[in-house]
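Reader: I'd like a close look at one part of this model, the pocket and what lines it. Could you walk me through that, starting with how far the coordinates can be trusted?

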Amino acid sequence: MSFQIVRRADGARSATEGSSEAQAVLAGTPIPGVRVEIHADIATTPIAIYEVITDKDGNPASSVVVDSASNIRIKSKDETIAKFDVAGAASEFIAQRQPTIVATPMVEQGGACLRTVEGTPVVEFKYNNFNTQDSQIPVTSLNPDLYGTPTTPDDDLLLNSIRNAEGTPTVPVATQLAPPTFDKDQLFKGGSSSFSIPFDPNLGALTWYLLGQQTRVDGATQLCEGGGTSGCTPISTDDIYAQFRGSVSGTLKLSAKFMKRGRSPYLKTTPAAIIRTKVLLNRLAGAYRCPENVTLAAACVKRPFPVDEFIKSHDYIFSKPSPVQAKAFEKLRKAYTKRYRNFLLRNYPKYVVVCPK
């Protein structure tokens with residue numbers, strides 16, 4: 001006999017019973033790799049129980065022959081993964097040729113976001129497990145009956161699989177796999193939760209397939225709330241201050257040379273310039289350099305890098321004219337300002353991202 005298992009398109013959480021045209025309208029994508037039990041009996045006497053697995057189209061991967069006079073019940077082998085339970089006379093199923101059985105997945109995807117963990121970019125996949133207990137869902141690439149031919153991704157049953165654009169799978173880490181063997185099934189905690197795997201946006205997108213759903217992740221995927229800045233690099237302001245101090249030091253040295261008998265105005269202007277510069281540097285504490293296509297977490301903001309404000313603070317060193325050798329100090333100001341501006345433009349982005357600490 002033949003049938004097709006698909007997930008509900010309306011996201012309803014109720015168990016599905018019966019097969020009708022109305023349910024077929026609700027039918028969504030096929031669910032591959034689900035284990036199905038087919039119970040056959042005649043006059044309430046059990047005849048046989050068959051177990052099959054659905055192929056990539058949600059159809060039985062192997063044929064089942066039943067007596068046309070028998071009664072049939074088609075149900076989920078593991079109702080913590082997906083629920084469906086349909087019963088009727090074998091003749092009815094045969095008449096429909098390929099009835100659509102609408103399943104209710106008990107674990108659903110809840111989106112994805114990017115974060116940085118100890119300097120390593122990771123993707124956090126979220127899910128909702130509607131069971132009161134934990135669920136164990138086979139990982140496609142760890143189960144030979146789901147993986148098919150290792151060199152042919154097209155025949156894989158994507159019950160639960162994370163893949164790149166070339167079809168190469170990524171396996172969850174051991175702590176995300178179910179005991180006692182930790183080698184075939186992924187553990188999904190009851191309720192709403194998530195799991196993470198390393199992700200390098202420069203290597204392309206990843207897609208997570210689960211029970212007929214897909215979640216795609218790339219460098220433009222949003223950042224996790226309060227989760228840092230995946231794909232971004234922290235901005236160090238030490239070099240800015242070192243470059244600024246070079247201008248201060250050079251100005252004071254020239255001032256000491258020319259003003260041996262008088263007090264230099266730069267003894268007052270340089271401390272004020274240092275304070276102004278430190279205020280700007282504090283505003284950049286925790287700032288990041290990010291790719292242009294990164295979508296920011298709600299709490300993070302994108303700001304212009306304050307080049308002009310740094311130049312203004314730098315030039316406050318020369319805010320008072322020198323009573324001696326004025327042309328020499330003006331020449332020095334132009335040289336130092338040009339060097340400072342070029343340093344900022346060469347080493348820092350037009351925009352920075354700042355997130356709450």
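Author: Let's begin with confidence, since this is a predicted model. Over residues 14-26 the pLDDT stays under 50, and the model has 24 contacts beyond four places in sequence for that stretch. Where pLDDT is low, the predicted coordinates should not be read in detail. Helix 1 (residues 21-26) has the lowest mean pLDDT among the elements of the chain, at 40, while helix 6 (residues 307-315) has the highest, at 96. Across the chain the average pLDDT is 84, and 88% of the residues score at least 70.

Now for the pocket itself. The largest one has a volume of about 320 Å³. It is lined by 19 residues, and the closest to its centre are Pro-32, Asp-156, Leu-158, Tyr-209 and Gln-214. As for chemistry, the lining splits into seven nonpolar, seven polar and five charged residues.

Which strands supply the lining? At least two residues each come from strand 2 (27-30), strand 12 (160-164), strand 16 (206-210) and strand 17 (213-217). Strand 16 gives the largest share, three residues.

Stay with strand 16 for a moment and follow the chain into the loop between strand 16 and strand 17, which is where Leu-211 sits. Leu-211 has a positive phi of about 50°, although it is not a glycine. Is Leu-211 buried or exposed? Its relative accessibility is 0%, so Leu-211 counts as buried.

There's a nice counterpart in Gln-325, another residue other than glycine with a positive phi, near 50°. Gln-325 lies in the loop between helix 6 and helix 7 (326-347). Its relative accessibility is 45%, so Gln-325 counts as partly exposed.

One more loop is worth a stop: the one between strand 10 (120-129) and strand 11 (135-138), where you'll find Phe-130. Phe-130 has a relative accessible area of 35%, so this residue is partly exposed. Phe-130 and Val-107 are 23 residues apart in sequence, yet their C-alpha atoms are 6.2 Å apart in space.

Finally, a sheet to round off the tour. Four strands form an open sheet in the order 18-19-21-20, with antiparallel pairing. Its edge strands are strand 18 (233-234) and strand 20 (301-304), each pairing on one side only. Further in, strand 19 (residues 287-289) and strand 21 (residues 351-354) pair in the antiparallel sense over two bridges. If you want a residue to click on there, try Tyr-288, whose bridge partner in strand 21 is Val-353.

Definitions and conventions:
Residues are numbered from 1 along each chain as its sequence is written. This is a predicted model: local features need pLDDT of at least 70, side-chain atom pairs count only at pLDDT 80 or more; totals for chains, interfaces and linings use all residues. Side-chain values use heavy atoms; hydrogens and water are left out. On a 1 Å grid over the protein atoms alone, a cavity is a set of points where a 1.4 Å probe fits but cannot get out, and a pocket is an open set with protein on both sides within 12 Å along at least five of seven lines; lining residues have an atom within 4 Å of a point. Grid points are joined across faces, edges and corners, and a volume is the space filled by probe spheres set on the points. Ala, Val, Leu, Ile, Met, Phe, Trp, Tyr, Cys and Pro count as nonpolar, Asp, Glu, Lys and Arg as charged, and the others, Gly among them, as polar. Two strands pair if DSSP finds at least two bridges between them. pLDDT is the predictor's confidence in each residue, from 0 to 100. Contact means heavy atoms within 4.5 Å. Buried means under 20% relative accessible area, exposed over 50%, partly exposed in between (1.4 Å probe, protein chains only).
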